[in-house]
Amino acid sequence: MFAALRDAVADLPSATARPLRRLGATLALAGVLAVAAVSPAAATKIQKVVSPSGIEAWLVEEHAVPLIAVQFAFLGGSTQDPAGKEGATDLLSTLLDEGAGDLTSEQFQKKLEDLSVQVSFHEGRDRFEGEMKTLTENRDAAFDLLTLALNAPRFDAEAVERMRAQSIAARRRAEKDPDQIAGRLFMKTLFPDHAYGRPSDGTEATVAKVTIEDLRDLKAKIFTRKGLKISVVGDIDAATLGPLLDRVFAKLPAEGRLAPIAEAKPVTGGSVREVAPIPQAVVRFGGAGIKRDDPDFIPGFVMNHILGGGSFSSWLYAEVREKKGLAYSVSTGLSPMKHAGLFVGAVGTRADKVDESLAIIRGEIARMRDQGPSETELAQAKAYLTGSYPLRFDTSDKIAGSLLAIQVDDLGIDYIDRRNGLIEKVTIDDIRRVAKRLFAEPMTVVTVGPKAD
């Protein structure tokens, strides 16, 4: 739920022909991925690799399975969309494998399929991310295709219009999806005068205005070596990886022309309701949170797990669902962005039960702020959060994603070793302090659903 909230419920454009073309590659990799588990201990053996030209990556070698997973992130995401052309960066993410260099869209897709290579791209609000997976035997050809996608995308008119049509179709569906509506309205209400308040995937009207020149300009601004983060996991060593990093990334410009994005503070205390013909109401609530580099983030993370992030064990789940039966699910999360921190929550309930549900949620938030959890609850939260951490490192994909996130958040190459210790140090006083800080102001609430009787 909150992965979606973090990006204002951005719905990536759906496709029809694209998945069919990639089916062969997906099936070919499936058998390898099924056994591509890596022991959690192996994830701590991180090497910092620096290519001959100075491109840096973090590498975890795992030679038991003939698979290589690469993930990377550039500075700049949908906040870089030109005003009135929101969705441009999202559209860009769909076009990088739709022809590059001398290869047309069909030729590029056929190469991916024949080589069992998977590539994908995604825009976030603050970052543009990409991923490649390949069998070891096709390593060089896979890196060549990634090089073309990032350095020489074609943006052929036919491909642009085809992907634009798919994007617009997705936007039309989003306009009827209550979760999408609530997510967009929530961000717009929190950030009315900031780039975070704009729809990251655009609207039908804004996507229609994006030109090929806009796409080329965004590529030039975002695809640079400044702020680039790379993680690699799998059947490759440092000596082999270095030159391949240069092949893909060294020819990118050192810096781009990113538009400056101001620090933002979300508007709190607002209340917005949008009527929609759906069976029950979708509610988003929240306010100011904590950025990832804040010393209070880990105490806030533990606090949130107890309040609403721990699913079946959380206070809100117990009170709203189990005791009152008001909602099937209710949850909260911390959403740290580059220029703002958010505390976000969601609940779905009958329209005539929205006020009752919110009253209980506000009461539990006040209890956390004024009293805090018991020592037993804190100990249980710590045990879960530390004990479940190794599950983030049981496949190559998960390891690569975790390493990339650690780099993006600038947590240090030893963070995996330090993380559980940081959680163990959290005290009841820490929880109370952070709760008082987070919940000092009233929440903003957005509701989408039928009129209450």
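**Exercise 1. Six-stranded sheet**

Strand 2 and strand 6 (residues 229–234) pair over four bridges, in the parallel sense. The model is predicted. Place these two strands in their sheet, and find which strands stand at its edges.

*Solution.*
- Start with the register of the parallel pair. W58 stands opposite S231 in strand 6.
- Move to the other partner of strand 2. Strand 1 (residues 47–50) and strand 2 (residues 56–61) are antiparallel, with four bridges between them.
- Fix the register here too. K48 stands opposite W58 in strand 2, and Q47 stands opposite L59.
- Look at the connection. Strand 1 and strand 2 form a hairpin, with five residues between them. G54 lies in the turn and has a positive phi of about 100°.
- Now take the whole sheet. Six strands are ordered 1-2-6-3-5-4, the sheet is open, and the pairing is mixed.
- Read off the edges. Strand 1 and strand 4 each have a single partner strand, so one side of each lacks a neighbour in the sheet.
- Add the twist. From one strand to the next it averages 20°.

**Exercise 2. Helix 3 and its partners**

Which strands does helix 3 lie across, and at what angle does its axis cross that of helix 6?

*Solution.*
- Take the sheet side. Helix 3 lies across strand 4 and strand 5 (127–135). Helix 3 runs at about 175° to strand 4.
- Take the helix side. The axes of helix 3 (residues 88–95) and helix 6 (residues 157–174) come within 10 Å, crossing at roughly 125°.
- Classify the angle. Helix 3 is therefore oblique to helix 6.
- Give the hand. Helix 3 passes helix 6 in a right-handed crossing.
- List the contacts. From helix 3, D90, L91, T94 and L95 take part. In helix 6 they meet A159, V160, M163, R164, S167 and R171.

**Exercise 3. A159**

Is A159 buried or exposed? Find its contacts beyond the local sequence.

*Solution.*
- Locate the residue. A159 lies in helix 6.
- Check the accessible area. A159 is buried because its relative accessible area is 1%, against a cut-off of under 20%.
- Set aside neighbours within four places in sequence. A159 is then in contact with L95 and E98.
- Try a residue further along the chain. E204 is 45 residues from A159, and their C-alpha atoms are separated by 18 Å.

**Exercise 4. Five-stranded sheet**

What is the strand order of the open sheet of five strands? Then find the helix that lies across strand 9 and strand 10.

*Solution.*
- Write the order: 7-11-8-10-9, with mixed pairing.
- Name the edges. Strand 7 (271–275) and strand 9 (330–336) each pair on one side only.
- Give the twist. Neighbouring strands are turned by 15° against each other on average, direction ignored.
- Inspect one pair. Strand 8 (residues 281–288) and strand 11 (residues 444–449) run antiparallel and are joined by five bridges. G286 stands opposite T444 in strand 11.
- Find the helix. Helix 11 (residues 297–309) lies across strand 9 and strand 10 (341–349). Helix 11 runs at about 165° to strand 9.

**Exercise 5. Helices 11, 13 and 14**

Describe how helix 11 packs on helix 14. Then check the span of helix 13.

*Solution.*
- State the geometry. Helix 11 and helix 14 (residues 375–387) pack at about 105°, with axes 10 Å apart.
- Classify the angle. The two helices are therefore roughly perpendicular to each other.
- List the contacts. F301, V302, H305 and I306 in helix 11 meet E377, L378, A381, Y384 and L385 in helix 14.
- Turn to helix 13 (residues 354–370). Its 17 residues reach 24 Å from first C-alpha to last, close to the 24 Å expected.
- Pick out its buried residues: V354, S357, L358, I360, I361, E364, I365, A366 and M368.
- Look past the end. G372 follows helix 13, with a positive phi near 80°.

**Exercise 6. Positive phi outside glycine**

S116 and D410 each have a positive phi. Where does each residue lie, and is each buried or exposed?

*Solution.*
- Take S116. Its phi is near 55°. S116 sits in the loop between helix 4 (105–115) and strand 4 (118–123). S116 is buried, with a relative accessible area of 9%.
- Take D410. Its phi is near 55°. D410 sits in the loop between helix 15 (396–408) and helix 16 (415–424). D410 is exposed, with a relative accessible area of 66%.

Notes
Residues are numbered from 1 along each chain as its sequence is written. This is a predicted model: local features need pLDDT of at least 70, side-chain atom pairs count only at pLDDT 80 or more; totals for chains, interfaces and linings use all residues. Side-chain values use heavy atoms; hydrogens and water are left out. Two strands pair if DSSP finds at least two bridges between them. Axes are lines fitted to C-alpha atoms, for helices over the stretch in contact, and angles run from 0 to 180 degrees between N-to-C directions. Contact means heavy atoms within 4.5 Å. The expected span of a helix is 1.5 Å times one less than its number of residues. Buried means under 20% relative accessible area, exposed over 50%, partly exposed in between (1.4 Å probe, protein chains only). Angles under 35 degrees count as roughly parallel, over 145 as roughly antiparallel, 65 to 115 as roughly perpendicular and the rest as oblique. A crossing is left-handed if the near helix is turned anticlockwise from the far one by less than a right angle, and right-handed if clockwise.
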